[in-house]
Amino acid sequence: MDNAWIIRGGALLDPTDGDRGVGDLYIADGRIVADPPAQARTIDASGLTVMPGLIDLHVHFREPGHEGAETIASGSHAAARGGFTTVVTMPNTRPAVDSPEQVAFALRQAASAGAVELLPSACITRERRGNALADLPALAAAGAAAFTDDGSTVSDDDLMQRAMQQAATLDLPVMDHALDPILAGKGVLHDGEAAQRLGLLGIPSAAEDRIVARDIELAAATGCAMHIQHVSSGASAHMISAAAARGLPVTGEATPHHLALSDADILSDDGNFKMNPPLRTPEDREALIDAVLSGGLSILATDHAPHLAALKAKGIRQAPFGVVGLETALGVTYQLLVVERGMSPQAWLQRWTTGPAALLGRPAPSLTPGARADLALVDLQTDWQVDPDAFVSLSRNTPFTNHRCRGRTVLTIFAGKITWSDVDSTPRL
Ligand SMILES: [Zn+2]
């Protein structure tokens, strides 16, 4: 039988069900099944953890427009290497994803790459200009999974409110790159110690906090699910946690870089430490970690943002914002949250699976028979160091070069098909 597998002897980790101990898992016709299928091939997973593939709610694949930095195919394969089986792409391509044709294009390219399920988000406003609403019902009908003008916020409160009213009727979330463009100005780093030391303009935390407060008000007023992207400020993390605790449809995501790094780590004029929003203070970083541990921030996401090396080499003032993350996310976050901060592996896995799935209105990823066979087989025992030259992504712009990690994807399976295999460490196949 095609794509029939017996995954033997792995430690089964289910985000909904917890640690199931060592056991076998069976796959047939792209789904997890209860009984061993006939004529199945065997994968020896001894020493590995078998868990649902991760969902990344926030990636930038640069097609169309900047295919030298990343294509939908190269990004899909980088995702598979990172243990991801589903990604949500951002619409700030050129042209932007503000038409049903652009949504259909992304879906077609992803289907031909075949390495992950790609869920396109689409623009809130036409051409991401913040002036007029895009045709949200038409975008939804074409397959948009969420709406965002990521890269910028929608500054016009009334326009954002109308977008959320429409999105609520379409049962889709609005996601916001919460940053007030006036307060952010031409800043390039957090308005703090590193910016002063390097003589660079700062972006105050207030630029984020002000918009997060507004977005929470709009979620309360409209009932629309509001998701705050790449939360960087401790005050914003507190607001989101409090809103969620009050029962409002508000969620937030933290990125590996905002959790593992702060502006104190920016030691030189290195463009690989420039991202939007910026790395903030060590105190902000601690508040973000606390919010992820408590569940106030229920989602981890990479904000994978590939850029050409030549552009990143221009230094912090001139380099574009953004860092890659798909191939380091699992190891960086497992090391930080589970190894160093004592988070349970199940809770860590929930932030990468059930958290984003709930926002997207999709079934909770699990190892239960009937679930689509989207799996990551990971080595959670061995330390490794980040080597950007090994990336499958077309871009190398990471702040994590030589970063010590635990948690490495050995094999990824998407809908029953192997999409990544680390041949060196899987002679057992
Ligand atoms: Zn953004």
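# Exercises on a predicted model

**Exercise 1. Check the length of helix 8: what should its 12 residues span at 1.5 Å a residue?**

Helix 8 should span 16 Å by that rule, and its end C-alpha atoms are 16 Å apart, so the two agree. The expected span is 1.5 Å times one less than the number of residues. Helices here are DSSP runs of H or I with at least four residues, strands are runs of E with at least two, and both are numbered from the N terminus.

Some ground rules before going on. This is a predicted model, where local features need pLDDT of at least 70, side-chain atom pairs count only at pLDDT 80 or more, and totals for chains, interfaces and linings use all residues. Residues are numbered from 1 along each chain as its sequence is written.

**Exercise 2. Find which residues of helix 8 are buried, and what they pack against.**

Step one: get the cut-offs straight. A residue is buried if 20 or more other C-beta atoms lie within 10 Å of its own, exposed if 12 or fewer, and partly exposed in between, with C-beta atoms placed from the backbone.

Step two: go along the helix. Gly 234, Ser 236, Ala 237, Met 239, Ile 240, Ser 241 and Ala 243 are the buried ones.

Step three: look at the partners. These residues pack against helix 7, strand 13 (226-228), strand 14 and helix 10.

Step four: step off the end. Gly 247 follows helix 8 and has a positive phi, near 90°.

**Exercise 3. Work out how helix 7 and helix 8 are arranged: at what angle do their axes cross?**

Their axes come within 9 Å and cross at roughly 10°. That makes helix 7 roughly parallel to helix 8. From helix 7, the contact uses Glu 208, Asp 209, Val 212, Ala 213 and Ile 216, while helix 8 brings Ala 235, Ser 236, Met 239, Ile 240 and Ala 243.

For the terms: axes are lines fitted to C-alpha atoms, for helices over the stretch in contact, and angles run from 0 to 180 degrees between N-to-C directions. Angles under 35 degrees count as roughly parallel, over 145 as roughly antiparallel, 65 to 115 as roughly perpendicular and the rest as oblique. Two residues are in contact if their C-beta atoms, placed from the backbone, lie within 7 Å.

**Exercise 4. Do the same job on helix 10 (residues 282-294): which of its residues are buried, and what covers them?**

Start with length: 13 residues at 1.5 Å a residue should span 18 Å, and the end C-alpha atoms are 18 Å apart, which agrees. Next, the buried residues are Asp 284, Arg 285, Ala 287, Leu 288, Ile 289, Ala 291 and Val 292. Their cover includes helix 8 (234-245), strand 14 (250-254), helix 9 (256-260) and helix 12 (329-340). Finally, Gly 295 sits just after helix 10 with a positive phi of about 95°.

**Exercise 5. Place the largest nonpolar core: which residues have the most contacts inside it?**

The core has 130 residues, and Val 50, Ala 144, Phe 147 and Leu 288 have the most contacts inside it. Helix 7 (residues 206-222) gives the largest share, 6 residues. Domain 1 (5-50 + 370-425) and domain 2 (53-360) both contribute residues, so the core lies between them. A nonpolar core means a set of buried Ala, Val, Leu, Ile, Met, Phe, Trp, Tyr and Cys residues joined through C-beta atoms within 7 Å. Domain bounds come from an automatic or database domain assignment.

Now zoom in on Phe 147. Leaving aside neighbours within four places in sequence, its contacts include Ser 121, Ile 124, Leu 136 and Val 174.

**Exercise 6. Describe how the domains meet: which strand gives the most to the side of domain 1 that touches domain 2?**

First, 25 Å separate the centres of domain 1 and domain 2, taken over C-alpha atoms. Then count: 33 residues of domain 1 are in contact with 43 residues of domain 2. Strand 17 gives the most to the domain 1 side, with 8 residues.

**Exercise 7. Compare two backbone oddities: are Gln 39 and Asp 303 buried or exposed?**

Gln 39 has a positive phi of about 55° although it is not a glycine. With 8 other C-beta atoms within 10 Å, Gln 39 is exposed. Asp 303 also has a positive phi of about 55° without being a glycine, but its 29 C-beta neighbours inside 10 Å make it buried.
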